[in-house]
Amino acid sequence: MQAIKTFGLVLFIGGFILFNGIFFLSTYRLTTEIIRAKMNDQEKQELFISKSKESLSHDYGNSFEYVVMLDQTFEAINKDQILKFSINENEINQLTGKGKTKLDQAALESVFSPENETNLFKRKTFNDWGGYLIGQSATSDQIKDVAQKINQYAIVSNVGFDRYVVKDLKSSLTKASSVGPVKNQPLTFLFLTIGLCVIGGLLYILPKLNLAPGIKNNGIFHNVMKNTGWLGILTGTWLIVFYILLYFYPEYMTNWIIMVDPVSLVLNGNEASRFFLYGLMYTLCILVMGVRMLIHYRHSKYQMLRTVSVMFFQTAFAFLIPEILIRLNQPYFDFKNIWPLDYDFFFDSELDKLISSGTIGIFMLGWGIALIIIAVPVFVYFFGKRWYCSWVCGCGGLAETLGDPYRQLSNKTLKAWKVERWMIHGVLAFSVLMTAAVLYTYWTGASWFIFVDSYQLRSIYGAWIGAGFAGVVGTGFYPIMGNRVWCRFGCPLAAYLGLIQRFKSRFRITTNGGQCISCGNCSTYCEMGIDVRWYAQRGENIVRSSCVGCGVCSSVCPRGVLNLEVKDEKGRFGEPILIGNNITKINH
Amino acid sequence: MNNHQHIVIIGNGISGITAARHIRKHSDHSITVISGESDHFYSRTALMYIYMGHMKYEHTKPYEDWFWKKNRINLVRDLVTKVNTADKSLSLQSGTNISYDKLIIATGSVSNKFNWPGQELSGVQGLYSLQDLESMEKNTVGIKHAVIVGGGLIGIEMAEMLLSRKIKVTFLVREESFWSNVLPREEAELITRHIQSHHVDLRLQTELKEITGENGTVTSIVTNKGEKIDCEFVGLTVGVSPNISFLNGSGINTKRGVLVNKYLETNVEDVYAIGDCVERTYELAGRRNIEQVWYTGRMMGEVIAQTICGNKTEYNPGPWFNSAKFFDIEYQTYGVVHNTLPENETDFYWEHENGMKCIHLVWNKTSKEFKGINTFGIRMRHVCFDKWLRKKRDIQYVIEHLKEANFDPEFFVRHEDEMVASFNQKFPNLVVTEKASS
């Protein structure tokens, strides 16, 4: 058995090393065919081809040099375009002169003449960006302001490459330019990296079946992985780097994406995107570590059922069904993702996509709204927020499987609880405000909502909360702050579910008479950092908005004190009572 | 009662700390808690989990360190060497004196040692205190084989601890099966089987004769059967006794423990005693005069706080209850189930086919009054049995309502139907029909 375990570990480490190693396994060669394939605008294609003459068909040894070349090319093109198209001092002065009386088309035509490519562009963009000045008199400051905006934004986004386009192009060009063994044999590399990690992981886990069923937490706080030792910190660092690449620098992870291209082609008919790679890895983590959970807690039917549940919802709802929908030319949709965790559900692009997809799209829209306003309150009332957080949710699913070895690292102090309440409700408020602004823009077309720009708001939310908090911090900090950092401090849906759980639900954790011995296992293993013992040792029901109902406090209790129960709301907030003495009641 | 007093409590275990917390809730007295063992209250029952790596010491502290200052409970880390009842003061090891208006002795226990040859060798120890845990850490580094003497709750915990570090364990138990001086034969055998399934070398009906060593360190033991067993560690877990030696000459009456009346008062005015170190001078039906259990310590702490705060209260614990965990099998008991069935009682035993779950109920033959239950591997509700025992329910009522008492997590397999069927088969004249749980 030990041999199988060791062999599994060797396979896993081998696969993991190669996974990181293939980062360096390609060279990069840009060709005109690639440029033409990845850029839609023909003029921009030519512009790019002419600017990258020297780089074309040149082999770059690594992605860093290659990306630097792309950056320089984009920058050079933008610089040229700004030089060519910007409205100059002289033109501003002339417009100011005209504007004293009235700024009209004739004025623009006379200032921006002769009629050539450059001046046509200037006339058009001035109309686009300064349309509110046309037909009336305008001050020098107003004209300067318009000119400045054009010079700063309009030129780059119309005839150059703005940062959004650059971001997409960088990763698609890099991926297409990759040359080497990974590109030639993606499936072989997929097997040798992720495949070996999966097989090795399972072989490492399966011998746990040899241990008698029951709580086996031996050595957790002596373990360099599970007690924030060097291995834990290394793992956290790797995860943080992975998430930063995924969200902000996908051009450096193209070799990993190339490996899963064949899988993506089979499932949805397209080449893989970075989020396909992420979804596949995420699902495999939940499945492999889910097997670990099933073995680890095989004495508890509750733990086994909810583990099977998160494994199922991740595989079917989050991964396979959306991919298959794409294959069927339907909109990508995760039927179990709920706003505000699914923060872009009300974004104009999403709404347009669903509304334009016919009956099924309208159904999806209705389904998503029903989850928010019906499923959440009703199910939380009957079962507690656990129905979502530890049975269905993808973030919860990863936390309960991949994250389970780190659950004991959550901070249990009163101070942490205070911070938690401010943060999570702050994010909930932010998500509501952001969504309100986005919808306001959707219906009115105006980007300014009260005092903020809805476009800016959504991009801040997406970067700082959606990617930074939920991804980088949420998962990267598993080995440092426990497996529910995001769910505890950041998830706006958890906050919403929690508010209902706290005030209107049949769910609570009950304590068994006077049996608590204050040992502390329950608090230690609470991933949400609830000081369960505080309640148990005074005989008080645990009714906390943050409780995700994982049931581990009950599982690890050596005296059978804790139980997750749903029953009549009456007595939920009962007086603490410790059975023992005959004296009537002792207030605590 | 609001005249301000200085209450000094010796001992920061569950008894002393419960007393301190409740006195603070009910009064404005000055409270000082003195401990020679630790700076803060920690859960003694969790010592094993620290060794096994389930928790760190800090996790075993039920209250954060700021709690004591906020609640004006003054903690003193020192050892009381002498109680001077004449001038109401304590002499401490550090040389300082503390005077008190009222004194509560809550000093717990010390491990028993029965003058075995070699018991002072290095590598031989009991397990009661934080210091014992520290020495166990040191004494078991890199060792291969340990012997544990004494088949009680601490013994089996120690076996589990050592096995978690992959140390081979030989377990000497005087009785014919594990803990059979407390458990009826069936349960004792069930646990005995479970211990053996964890590869403990269990030697039943075997006692320690002597411990031998080299250079002051243990190397082997000899049993009463003359067998020599090589080992590098010996755990002595043959019970505990009240920790009262420092009271010699204080004028406070002691026998095995500090003698107290039903108000937990000693013979000296303003001196009280609670918890493990107490020996009751009056009888409580079905209970021993020294009860070294977490729960009784807690209850005594609650009661003494009432008395100190002006509401003079008798220590009158409700129905007996206790719990433990033997490796993977949890145990709870409510009421009293004797290891040998008294003349006037009848019993019903049900065991699951996997041999890891059972219940054992006893009742009065003539009145049919339910007297107690042992449950292994099935969690039961304390509140139900407490109520049924107080109301003197008969056995049929209890069997009928077993479902109501189940405290296992959701989705766990329930066995009440089997239990009831088995009961009806064994006691055709007591046939019951099950009541659904409410």
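This report describes the two chains of a predicted model, first one by one and then through an aromatic pair in chain B.

**Chain A**

Chain A contains 28 helices and 7 strands, and its C-alpha trace spans about 100 × 55 × 45 Å along the principal axes. Of the 588 residues in chain A, 54% are buried. When contacts in chain A are restricted to residues at least 6 apart in sequence, 76% of them join residues at least 24 apart. The charges of chain A comprise 55 positive and 42 negative ones, and the mean positions of these two sets lie 14 Å apart.

**Chain B**

Chain B has 11 helices and 25 strands. Its radius of gyration is 23 Å, close to the 22 Å that the globule rule gives for 438 residues, so chain B is as compact as a globular protein of that length. The C-alpha atoms of chain B fill a box of roughly 70 × 60 × 40 Å along the principal axes, and 60% of the 438 residues count as buried. Among contacts in chain B between residues at least 6 apart in sequence, 61% join residues at least 24 apart. In chain B there are 50 positive and 54 negative charges, with mean positions 3 Å apart.

**Exposed surface**

The table lists, for each chain, the exposed area and the share of that area supplied by carbon and sulfur atoms.

| Chain | Exposed area | Share from carbon and sulfur atoms |
|---|---|---|
| Chain A | about 25,400 Å² | 64% |
| Chain B | about 18,000 Å² | 47% |

**An aromatic pair in chain B**

Over all chains, the structure holds 75 aromatic pairs. One of them is formed by B:Phe178 and B:Phe326, whose rings are edge-to-face, with 5.7 Å from centre to centre and 80° between the planes. This geometry counts as edge-to-face because the angle between the planes is over 60 degrees. The pair links distant parts of the chain, given that B:Phe178 and B:Phe326 are 148 residues apart. B:Phe178 sits in the loop between strand 11 (168-173) and helix 6 (185-197) of chain B, whereas B:Phe326 belongs to strand 21 (residues 321-326) of chain B. Both B:Phe178 and B:Phe326 are buried, which means that the relative accessible area of each residue is under 20%.

How values were computed
Residues numbered from 1 in each chain as written. Chains lettered and ligands numbered in written order. Predicted model: local features only at pLDDT ≥ 70, side-chain atom pairs only at ≥ 80, totals over all residues. Heavy atoms only, no water. Helix = DSSP H or I, 4+ residues; strand = E, 2+ residues; numbered from the N terminus. Rg over C-alpha atoms; globule rule 2.2 N^0.38 Å. Buried < 20%, exposed > 50% of the residue type's maximum accessible area, 1.4 Å probe, protein only. Contact = heavy atoms within 4.5 Å. Areas by Shrake-Rupley, 256 points an atom, 1.4 Å probe, with all protein chains shown as cover. Lys, Arg positive; Asp, Glu negative; His and termini not counted. Charge placed at Lys NZ, Arg CZ, Asp CG, Glu CD. Phe/Tyr/Trp six-rings, centres within 6.5 Å; stacked < 30°, edge-to-face > 60°.
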